[in-house]
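Here's an informal look at how the inside of this protein is put together. Have a scroll through the model, then read on.

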Amino acid sequence: MTDTLATTPATTTEPAPRAMLHQAMRPRQLVMMSLGGAIGAGLFVGSGAGIAVAGPAILVSFLAAAALVVLIMRMMGEMAAANPASGAFSVHAENALGSVAGRTIGWLYWIQVVIVIAAEATGAAAITAASIPGIPQWAAALFFMVVLTGVNLVGVRRFGEVEFWFAALKIVAIVAFLVIGVAMIAGWVPAFDSTGFANLTAHGGFAPTGIAGIAAGLLIVVFAFGGTEIIAIAAAETSDPRRNVGRAVRTLIWRILVFYIGSVLIMVTVLPWTSEDLVTGPFVAVLNAGAVPGAAAVMTVIVVVALLSSLNAMLFSASRMIYSLSQRGSAYPAFGRVAANGVPRNAVLASVAFGFVTVALNYVRPDKVLPLLLNAVGSTILVLWTFVAVSHLVLRRRARRDGTEDALPLKMWGFPYLSYATLGLLAGIAVLALFDAAARTQLVATGALTAAIAGACWLLHRRQTARQL
């Protein structure tokens, strides 16, 4: 496949069969999906772990991670708006850096997402089994996998509608939490004795664990934003992808500020950061402090919904990625076939297969499955974002050189300075990870996996090139 200019709107990087995918997703579904993708289990559960290591200064960690994801999404949005494709950043990397690079990041992403699908099903099943003891964990995992596989097989519009309501429920829950939290801080909740904003500086100061704590918090929270890349993948199946992806990316900033930063600010203001309840369940801890009836039960449901929403969206993303890889000759042709309803069914089934394998693992060793899966995906998001930033730099410079830069429907701010700053942030996070034992192990494992995939893709490229001679 020849390198083409992915930042030129008229460019087509996937063969004609891609048109078989129905552009049936509605703009409201894509916008809501972009919002839902930024509100996952990382916020509902992971924020407590971040508070434990950084104290109130976890807000700095979240702001740094939020700035990074906004910059990445702006670059990804520029490339997706100029050239919408089901392979998204994999296609753009192929255009910018060659077929080996594009296929490597495509396969790495697919493997990561396939594991995340299994992890989300396991996490939701574990919570369900703990809440309803009569339901075995493996049975809950099987039920979730079957239902959401069905959702992804019936058509993109129905998938979009399910994801729309998943996201809507999460948003309603966050808004309700923010309203209750503000009322508690203002002293309007009789059952709660407000201390105003004193908790932000009490108990050791705003940054009780110093820069080291902020850095450790950053390593925890940066991965909470994984999943936002679905905007670029799903945009190809909307009626006006260039306009819709721009709309979704432009509104990402205030959503992150309101929902992520706002929620964490409430947590560290209402309760002392040293509260053990914040670690295990920050949302429940705050609501219990305000004597909100049924807080634990409601938040349990919301967390399960967040996990299932992520599973649903990740299955969509994985199926479209392997479909795109097939279209580009890097996966079996069967994965590139599309059913009459516009769904690449073989790609969906291939993407969900590992999830069904973990159902059996949940039957054998339910307590060991989730940690193993989470460690496996590790720091792949850092590799993905690095490929996005480098691809954007190459393609934007190419567009400037060819005189097509002014035709871009969406542009990255402050090019190339903010693009280089993004790469600097990513490099800084990688360096921080090297000083943390768990993160270092994940980083090394991700590097080894990436190298193995790149080697396989290089051999495939050589074989395909030799056949063409």
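## Rings that pair up

How many aromatic pairs does a search of the whole structure find? The answer is nine, where rings of Phe, Tyr and Trp (its six-membered ring) pair if their centres lie within 6.5 Å, with planes under 30 degrees apart called stacked, over 60 edge-to-face and the rest tilted. One of them joins F89 and Y109 edge-to-face, at 4.9 Å centre to centre and 80 degrees between the planes. This pair links distant parts of the chain, 20 residues apart: F89 is in helix α4 (residues 89-97) and Y109 in helix α5 (residues 99-131). Helices here are DSSP runs (H or I, at least four residues), numbered from the N terminus.

Another pair, F159 with F316, is stacked: 4.5 Å centre to centre, with 5 degrees between the planes. It also bridges distant parts of the chain, from F159 in helix α7 (residues 156-186) to F316 in helix α14, 157 residues apart. Both F159 and F316 are buried, meaning under 20% relative accessible area with a 1.4 Å probe, protein chains only.

## How the model is read

This is a predicted model, so to speak of local features takes pLDDT of at least 70 and side-chain atom pairs count only at pLDDT 80 or more, while totals for chains, interfaces and linings use all residues. Residues are numbered from 1 along each chain as its sequence is written, and side-chain values use heavy atoms, leaving out hydrogens and water.

## The nonpolar core

The largest nonpolar core (buried Ala, Val, Leu, Ile, Met, Phe, Trp, Tyr and Cys residues joined through side-chain atoms within 4.5 Å) has 139 residues, and F89, F225 and W385 touch the most other members. Helix α14 (residues 295-327) gives the most to this core, with 19 residues.

Back to F89: it counts as buried because its relative accessibility is 3%. Leaving aside neighbours within four places in sequence, F89 has contacts (heavy atoms within 4.5 Å) that include M76, I105, E229, M321 and V388. Y109 is on that list too, and Y109 is buried at 1% relative accessible area.

## A charge over a ring

R396 lies over the face of F415, 4.8 Å from the ring centre. The rule asks for NZ of Lys or CZ of Arg within 6 Å of the ring centre and within 35 degrees of the ring normal.

Terms used
Buried < 20%, exposed > 50% of the residue type's maximum accessible area, 1.4 Å probe, protein only. Helix = DSSP H or I, 4+ residues; strand = E, 2+ residues; numbered from the N terminus.
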